[in-house]
Amino acid sequence: MKTPLTILQGNLEVALMKARTVEEYHEVLLNNLQQVERLIALTRPLLTLAKFTSSKPPVNLVPLALEPLIQEIVEELTLLADDHRITLRFESQPVPPTLGDAQWLKQALINLLDNALQYTPGGGFVTVRLQTVGHEVAVAVEDTGHGIEPEHIPHLFERFYRTDWARAKDTAGTGLGLPIVKEIMEAHGGSISVISEVTKGSIFTLRLPALTQHSIPA
Ligand SMILES: Nc1ncnc2c1ncn2[C@@H]1O[C@H](COP(=O)(O)OP(=O)(O)O)[C@@H](O)[C@H]1O
Ligand SMILES: [Mg+2]
């Protein structure tokens, strides 16, 4: 947050020091626009955290069918995937309903897909898999990307934690995406887990308790 603001300030101060050519102004404006784009990307997760009440996402749990929700998100992100030259697929099995908050679950899945698209090279695949695992409904986001070294795995859900590789690649990241997902899943009585292999890819799995007849609250 501080870095793009400082760059913006510096650019403007230097530009205003003396008269400039049109080309010079153009260059400054272009660079400032990039800094503003970074700021917007950094602000988004901070606004999400600002909605938390006593450090938890205020979820409103209702019976929810995940299949149409995921379908909608995948459709919304298809253009972004195309931009990254990544094939985004959705493989779905019939699953029981869950108790969930559609808006917050959407946020959780978008954060995972955002990472998968960001950290997978062009030509790769990102697959969302919906299935029942025991008494839980699982949503797995699988990518053919860079993968994550085992020493980083225990830290991924700590606020502001990012690997050096990700820092170098995506300067607009915040290290807040996965901690937000973890909070959202815990507020649902669910979980998030990750399996990853360097150079092969990663699988992030969201799990929610399946809604059965006797789990419907009275
Ligand atoms: N699908 C993925 N493939 C490789 N690395 C990942 C993936 N998802 C997350 N990571 C790693 O976990 C870190 C934390 O992710 P996140 O909390 O979303 O923050 P950000 O994306 O802003 O860096 C990333 O910086 C990256 O190092
Ligand atoms: Mg992220």
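Let me start at the ligand: 20 residues surround ligand 1, and the closest of them are Tyr119, Asp143, Arg162, Thr163 and Thr174. Please keep in mind throughout that this is a predicted model, and that the distances I quote are computed from it.

Three polar contacts are worth going through one at a time. On the side-chain side, a polar atom of Thr163 lies 2.6 Å from an oxygen atom of ligand 1, and an N or O atom in the side chain of Asn115 is 2.8 Å from an oxygen atom of the ligand. With Thr174 the backbone takes part, since what lies 2.7 Å from an oxygen atom of ligand 1 is a backbone N or O atom of that residue.

Let me now step back to the chain. It has 6 helices and 7 strands, and if you read along the sequence the pattern is α-α-β-α-β-β-α-β-β-α-α-β-β. As for overall dimensions, the C-alpha trace spans about 75 × 40 × 35 Å along its principal axes.

Asn115 brings us to helix 4, which covers residues 102-118, and its packing against helix 6, residues 177-187, where the two axes come within 9 Å and cross at roughly 150°. At that angle, which is over 145 degrees, helix 4 is therefore roughly antiparallel to helix 6, and the crossing is left-handed. Which residues make the contact? From helix 4 they are Trp104, Leu105, Gln107, Ala108, Asn111, Leu112 and Asn115, and from helix 6 they are Gly177, Leu178, Ile180, Val181, Ile184 and Met185. By class, that contact divides into 9 nonpolar and 4 polar residues, with no charged ones. Asn115, then, appears both in this helix contact and in a polar contact with ligand 1.

Helix 4 also packs against helix 3, residues 66-83, and here the axes come within 10 Å and cross at roughly 35°, in a right-handed crossing. On the helix 3 side we find Leu66, Leu69, Ile70, Glu72, Ile73, Glu76, Leu77, Leu80 and Ala81, which meet Ala102, Leu105, Lys106, Leu109, Ile110, Leu113 and Leu117 of helix 4. How do these residues divide by class? There are 13 nonpolar and 3 charged residues in this contact, and no polar ones. Leu105 of helix 4 is listed in the contact with helix 3 and also in the one with helix 6.

Finally, the N-terminal pair: helix 1, residues 2-16, and helix 2, residues 22-50, have axes that come within 9 Å and cross at roughly 160°, so helix 1 is roughly antiparallel to helix 2. Helix 1 passes helix 2 in a left-handed crossing. The residues that meet include Leu5, Leu8 and Leu12 from helix 1, and Val28, Val36 and Leu39 from helix 2. Taken by class, the contact has 11 nonpolar, 5 polar and 1 charged residues, and Arg38 of helix 2 is one of the residues in that contact.

Notes. Residues are numbered from 1 along each chain as its sequence is written. Chains are lettered from A and ligands numbered from 1 in the order in which they are written. This is a predicted model: local features need pLDDT of at least 70, side-chain atom pairs count only at pLDDT 80 or more; totals for chains, interfaces and linings use all residues. Side-chain values use heavy atoms; hydrogens and water are left out. Axes are lines fitted to C-alpha atoms, for helices over the stretch in contact, and angles run from 0 to 180 degrees between N-to-C directions. Helices (H or I, at least four residues) and strands (E, at least two) are DSSP runs, numbered from the N terminus. Angles under 35 degrees count as roughly parallel, over 145 as roughly antiparallel, 65 to 115 as roughly perpendicular and the rest as oblique. A crossing is left-handed if the near helix is turned anticlockwise from the far one by less than a right angle, and right-handed if clockwise. Contact means heavy atoms within 4.5 Å. Ala, Val, Leu, Ile, Met, Phe, Trp, Tyr, Cys and Pro count as nonpolar, Asp, Glu, Lys and Arg as charged, and the others, Gly among them, as polar. A residue is near a molecule or strand if one of its heavy atoms lies within 4 Å of it. A polar contact is a pair of N or O atoms within 3.5 Å; within protein, one must be able to donate a hydrogen and the other to accept it, and residues adjacent in sequence count only if both atoms are side-chain atoms.
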